[in-house]
Amino acid sequence: MIQLYLLSVAYLVFSALLILVDSYRRKLSFMIKVKSRLREDSKRLNIYFAAGLLISLLNLFLPMSPGPAIIGDLVPSLSVLFMAFFFRLLYSEKNRERSDAYLAGKKQKVRKLGLFSLVIALIHFLFPHIVLL
């Protein structure tokens, strides 16, 4: 389904921009307010998490046309699922202090995760008929 394909690409790009806003604050200044709203409002975080789960599961079972009928595009689907859980655990209310400490100590690894997510989204967008297994 083409709609799920575009939703998964958009989710990956949006998640990558949310992660990279700390490293590239000046260039991604338009994402600062979005990040703070997602972090402060648990209802928005739950919606973002549920959307990630739904996109990931639907992308697994309804792949693009040449893909296998059961596993679909596995790498983009798993990366959407990982991003959903990453933001859910990182921005949850209970883990606020731990997440701040984690981000301060692992800034380079988190930046690489954001760039990796952006690369997956780019490959998934530029080559839609290639099954990423």
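What does the accessible surface of the protein chain come to, and what share of it belongs to carbon and sulfur atoms? It comes to about 7900 Å², of which 70% belongs to carbon and sulfur atoms, with areas taken from the Shrake-Rupley method using a 1.4 Å probe and, for residues, only the protein chains shown counting as cover.

Before going further, I should say that this is a predicted model, in which local features need pLDDT of at least 70 and side-chain atom pairs count only at pLDDT 80 or more, while totals for chains, interfaces and linings use all residues. Residues are numbered from 1 along each chain as its sequence is written, and side-chain values use heavy atoms, with hydrogens and water left out.

On confidence, pLDDT is the predictor's own score for each residue, from 0 to 100; the chain has a mean of 81, and 79% of its residues reach 70 or more. Among the elements, helix α3 has the highest mean, 89, and helix α5, residues 96-105, the lowest, 68. Where pLDDT is low, the predicted coordinates should not be read in detail.

The secondary structure comes to six helices and zero strands, where helices (H or I, at least four residues) and strands (E, at least two) are DSSP runs numbered from the N terminus. Of the 133 residues, 41% are buried, and here buried means under 20% relative accessible area, exposed means over 50%, and partly exposed lies in between, with a 1.4 Å probe and protein chains only.

Let me turn to the interior. The largest nonpolar core has 25 residues, and those with the most contacts inside it are Y11, I19, M83, F86 and F87; helices α1, α3 (42-61), α4 (74-90) and α6 each supply at least two of its residues. Such a core is a set of buried Ala, Val, Leu, Ile, Met, Phe, Trp, Tyr and Cys residues joined through side-chain atoms within 4.5 Å. Taking contact to mean heavy atoms within 4.5 Å, and not counting residues up to four places away in sequence, M83 touches Y11, L12, S15, I19, L113 and S117.

L20, in helix α1, counts as buried because its relative accessibility is 4%. Leaving aside neighbours within four places, L20 is in contact with L28, R111, G114, L115 and L118, and its C-alpha atom is separated by 9.7 Å from that of K107, 87 residues apart along the chain.

On the outside, I2, L6, V119, L122, I123, F125, L126 and F127 make a nonpolar surface patch of about 730 Å². Patches are made of residues with over 30% relative accessible area and no salt bridge, with like charges joined within 9 Å and nonpolar side chains (Val, Leu, Ile, Met, Phe, Trp, Tyr) within 5 Å. The largest share, five residues, comes from α6, and L6, which is found in helix α1, is partly exposed at 44% relative accessibility.

Which salt bridges does the structure hold? There are two, a salt bridge being a side-chain nitrogen of Lys or Arg within 4 Å of a carboxyl oxygen of Asp or Glu. In one, K35 and D22 meet at 2.6 Å, N to O; K35 lies in helix α2 (residues 32-40) and D22 in the loop between α1 and α2, so the pair ties together parts 13 residues apart in sequence. K35 is buried at 9%, whereas D22 is partly exposed at 24%. In the other, R44 pairs with D41, the closest N and O atoms being 3.4 Å apart.
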